[in-house]
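Let's take a look at the pockets in this protein. What lines them, and which parts of the fold do the lining?

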Amino acid sequence: MDVKISKAGLGSGTSLWVSEVPAGEDVTGFALVLFKEERVTREGASYLSLTLGDRLGQVNAKLWDSSSQDFTGIEQYSLVKIRGTMGQWQGQKQLRIQKIRLARASDSVAPEDFVAAAPERGEEMLAYVHETVEDLGHPHIRALLQKVLWEHQEKLLIAPAASRNHHAVRSGLLYHIKTMLRAGLSLLPVYPFLNKDLLVAGIILHDMSKLEELEIDPLGVASHYSVEGNLLGHLVMGVTQIDRVSREVGMDRETALLLEHMILSHHYEPEFGSPKRPAFPEAELLHYLDILDARLYDMNQVMADMSPGSCSDRVWRLESRRLYRPKGL
């Protein structure tokens with residue numbers, strides 16, 4: 001199904017996502033409303049200010065003289081059909097809308113097709129996680145993980161790993177968990193003293209309480225933090241969850257305590273929320289797998305839009321570093 005926004009006048013089969021359309025082109029197609037605000041010009045005329053988005057990015061849009069059109073029902077995360085021209089304002093692209101309406105069932109497009117998403121399907125990634133859990137030998141760790149995955153399955157399929165920063169895309173949390181699992185399991189033959197069951201449990205559980213820390217809408221977008229997220233954070237919430245579920249599955253207190261410590265310590269530093277640093281090897285490795293996966297993901301996202309031989313602007317989420325994309329690699 002072609003869900004891409006089309007550039008009018010370039011012939012059949014030519015299509016771009018809205019964020020790719022260059023200035024000066026006429027546009028007809030679909031986009032997701034990420035932000036909507038009704039405003040008034042200095043002359044007193046009403047207009048609509050929008051941020052439209054898709055899988056690849058977003059663009060500012062304006063509907064001038066909005067009093068001439070009915071945009072009832074168009075709200076944040078509405079899927080709309082638009083017609084307009086891509087221009088520029090203060091060095092940034094801005095879409096000037098001539099017509100806008102809500103998408104209809106007959107348009108055969110769905111909002112989730114326009115949301116930035118992980119490169120793998122949520123159902124396939126969740127199946128991999130379940131298969132990994134089934135292979136564990138410790139009966140209580142296996143039972144705890146199965147229960148947690150079952151309790152959170154619906155939200156886990158679509159949840160991002162953050163509202164910003166790494167893996168902040170639909171199904172991003174599952175993608176983060178899967179890539180960490182693959183990396184962690186590949187290291188077990190190198191460090192045979194590591195306990196596989198403990199490491200797998202820590203990886204799956206370390207960010208699981210982000211599902212309650214963040215307010216996640218049905219499209220898999222996390223716009224803000226919940227009350228519990230603001231007051232407690234996912235580390236404390238994760239410890240509470242393990243304490244509850246460990247009792248329900250009959251887990252011994254020693255094993256539960258190890259899992260709780262892994263959650264509490266995986267941010268490593270007090271300024272990042274961890275009151276304790278890792279006290280055993282599996283907890284130490286969990287921290288480094290987490291930071292490695294997050295940083296490589298962010299680097300890959302930035303470098304995907306760079307030309308070979310060029311440097312990026314400063315990337316604040318990577319300690320304001322400028323990244324370099326090597327030539328010929």
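Helices here are DSSP runs of H or I with at least four residues, numbered from the N terminus. Lining residues are those with an atom within 4 Å of a pocket point. With that in hand, helix 9 turns out to give the most to the lining of the second largest pocket, at 7 residues. Keep in mind that this is a predicted model.

Here are the two pockets side by side.

| Pocket | Volume | Lining residues | Nearest the centre |
|---|---|---|---|
| Largest pocket | About 1,700 Å³ | 50 residues | R55, A116, A168, V169 and Q301 |
| Second largest pocket | About 890 Å³ | 27 residues | N165, H166, H267, F272 and I291 |

For the second largest pocket, the elements giving two or more residues to the lining are helix 5 (210-213) and helix 9. Its lining splits into 9 nonpolar, 7 polar and 11 charged residues.

Now for the largest pocket. Strands and helices both chip in: strand 2 (26-40), strand 3 (46-53), strand 4 (58-63) and strand 8 (222-225), along with helix 3 (172-187) and helix 9 (281-303), each supply at least two lining residues. Which element supplies the largest share of this lining? That's helix 9, with 9 residues. As for chemistry, the lining of the largest pocket divides into 28 nonpolar, 14 polar and 8 charged residues.

So if you're browsing the model, helix 9 is a handy place to start: it provides the largest share of the lining in the largest pocket and gives the most to the lining of the second largest pocket.

Definitions and conventions:
Residues are numbered from 1 along each chain as its sequence is written. This is a predicted model: local features need pLDDT of at least 70, side-chain atom pairs count only at pLDDT 80 or more; totals for chains, interfaces and linings use all residues. Side-chain values use heavy atoms; hydrogens and water are left out. On a 1 Å grid over the protein atoms alone, a cavity is a set of points where a 1.4 Å probe fits but cannot get out, and a pocket is an open set with protein on both sides within 12 Å along at least five of seven lines; lining residues have an atom within 4 Å of a point. Grid points are joined across faces, edges and corners, and a volume is the space filled by probe spheres set on the points. Ala, Val, Leu, Ile, Met, Phe, Trp, Tyr, Cys and Pro count as nonpolar, Asp, Glu, Lys and Arg as charged, and the others, Gly among them, as polar.
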